[in-house]
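Trainee: Could you take me through one part of this model up close? I'd like to go slowly over a single helix and then see how the rest fits around it.

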Amino acid sequence: MRYVVAITGASGSIYGIRLLENLPGEKILVISEMAKKIIPHETGYSVEDVKALADITFEDDDLFASISSGSFKFDAMFVAPCSGSTLAKIHAGIADTLITRAAAVAIKESRRLIIIPRETPKSAIFLRNEYELSRIGVCILDANPGFYSKPRTIDDIIDFVVGRCLDQISIEHDLYKKWE
Ligand SMILES: Cc1cc2nc3c(=O)[nH]c(=O)nc-3n(C[C@H](O)[C@H](O)[C@H](O)COP(=O)(O)O)c2cc1C
């Protein structure tokens, strides 16, 4: 299986990082320019550390990259975390970066697209964008932990969200204790 992981400049780059650490298969990574600044600010990782978790990394301005074309197959794409700006571009069909172009490809090719927005509170514009993308089959998976798994650490909270991401593509994991 081949997955695209995009990390954009919302708070919560650790979600994309932990996703890369737990996703099986081939991982193609794109980090937006803002995310490159936020990763070292919010996490103990350098951008190079994060790139090392992927099989292939492309720059966000590299629109010649393979994932720009619908003829290049990938099984699912995650935008984790997804900024309001990238969300709005995906909603509007603007594809002027590799991340937004790959998301447009996922939508037009009817591939799984899982977006992990991070914003609070959310404006009506943000909610409209989420709603309309959801209506066309995009999964809007908020960075919004459940507490029924009784998290004790920040890692537990992160792993709950990452586990829900893996659930979307039917990957078995033990990142959080499922309700039984
Ligand atoms: C420290 C920091 C945290 C930010 N957190 C968020 C956030 O949680 N959600 C969001 O939508 N934008 C957030 N932003 C704003 C985005 O980085 C900004 O809109 C940027 O243009 C997004 O670009 P990108 O989507 O190409 O990464 C944050 C900016 C900074 C500097």
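Mentor: Here is a walk along helix α7, followed by the ligand site and a few backbone oddities.

Keep in mind that this is a predicted model. Let's start with the helix geometry. Helix α7 covers residues 154-168, which makes 15 residues. At 1.5 Å a residue, α7 should span 21 Å, and its end C-alpha atoms sit 22 Å apart, so the two values agree.

Now for what the helix hides. The buried residues in α7 are I158, D159, F160, V161, V162, G163, C165 and L166. An α-helix has 3.6 residues a turn, so residues three or four places apart point the same way. As for what they sit against, the buried residues of α7 pack against α1 (13-22), β4 (76-82) and β5 (112-117).

D159 deserves a stop of its own, being a charged residue in helix α7. Its relative accessibility is 14%, and the cut-off for buried is under 20%, so D159 counts as buried. What does the side chain of D159 make a polar contact with? The partner is the side chain of R18, at 2.8 Å. Leaving aside residues up to four places away in sequence, D159 touches R18, L175 and Y176.

Just past the helix you meet S170, in the segment after α7. S170 has a positive phi of about 60°, although it is not a glycine. With 65% relative accessibility, S170 is over the 50% cut-off and therefore counts as exposed.

S110 is another residue with that sort of backbone: it isn't a glycine, yet its phi is positive, about 55°. You'll find S110 in the loop between α5 (98-108) and β5, and β5 is one of the elements that the buried residues of α7 pack against. S110 has 69% relative accessibility, so it counts as exposed too.

While we're on the backbone, have a look at the strands that α7 leans on. P81 lies in strand β4, and the peptide bond leading into it from A80 is cis, with omega near -5°. There is also a cis peptide bond between T120 and P121, where omega is about -10°. P121 belongs to the loop between β5 and α6 (124-135).

That leaves the ligand. There are 13 residues around it, and those that come nearest are G9, S32, S83, G84 and T86. By type, the shell divides into three nonpolar, eight polar and two charged residues. Both α2 (33-42) and α4 (84-92) supply at least two residues of that shell, with α4 giving the largest share, three residues.

For the atom pairs, begin with T86: one of its polar side-chain atoms lies 2.5 Å from an oxygen atom of the ligand. In the side chain of S32, an N or O atom is 2.6 Å from a ligand oxygen. S11 takes part through its backbone, with a polar atom there 3.0 Å from an oxygen atom of the ligand. As for cover, the ligand on its own has 640 Å² of accessible area, and the protein covers 64% of that.

Definitions and conventions: Residues are numbered from 1 along each chain as its sequence is written. This is a predicted model: local features need pLDDT of at least 70, side-chain atom pairs count only at pLDDT 80 or more; totals for chains, interfaces and linings use all residues. Side-chain values use heavy atoms; hydrogens and water are left out. Helices (H or I, at least four residues) and strands (E, at least two) are DSSP runs, numbered from the N terminus. The expected span of a helix is 1.5 Å times one less than its number of residues. Buried means under 20% relative accessible area, exposed over 50%, partly exposed in between (1.4 Å probe, protein chains only). Contact means heavy atoms within 4.5 Å. A residue is near a molecule or strand if one of its heavy atoms lies within 4 Å of it. A polar contact is a pair of N or O atoms within 3.5 Å; within protein, one must be able to donate a hydrogen and the other to accept it, and residues adjacent in sequence count only if both atoms are side-chain atoms. Accessible areas come from the Shrake-Rupley method with a 1.4 Å probe; for residues, only the protein chains shown count as cover.
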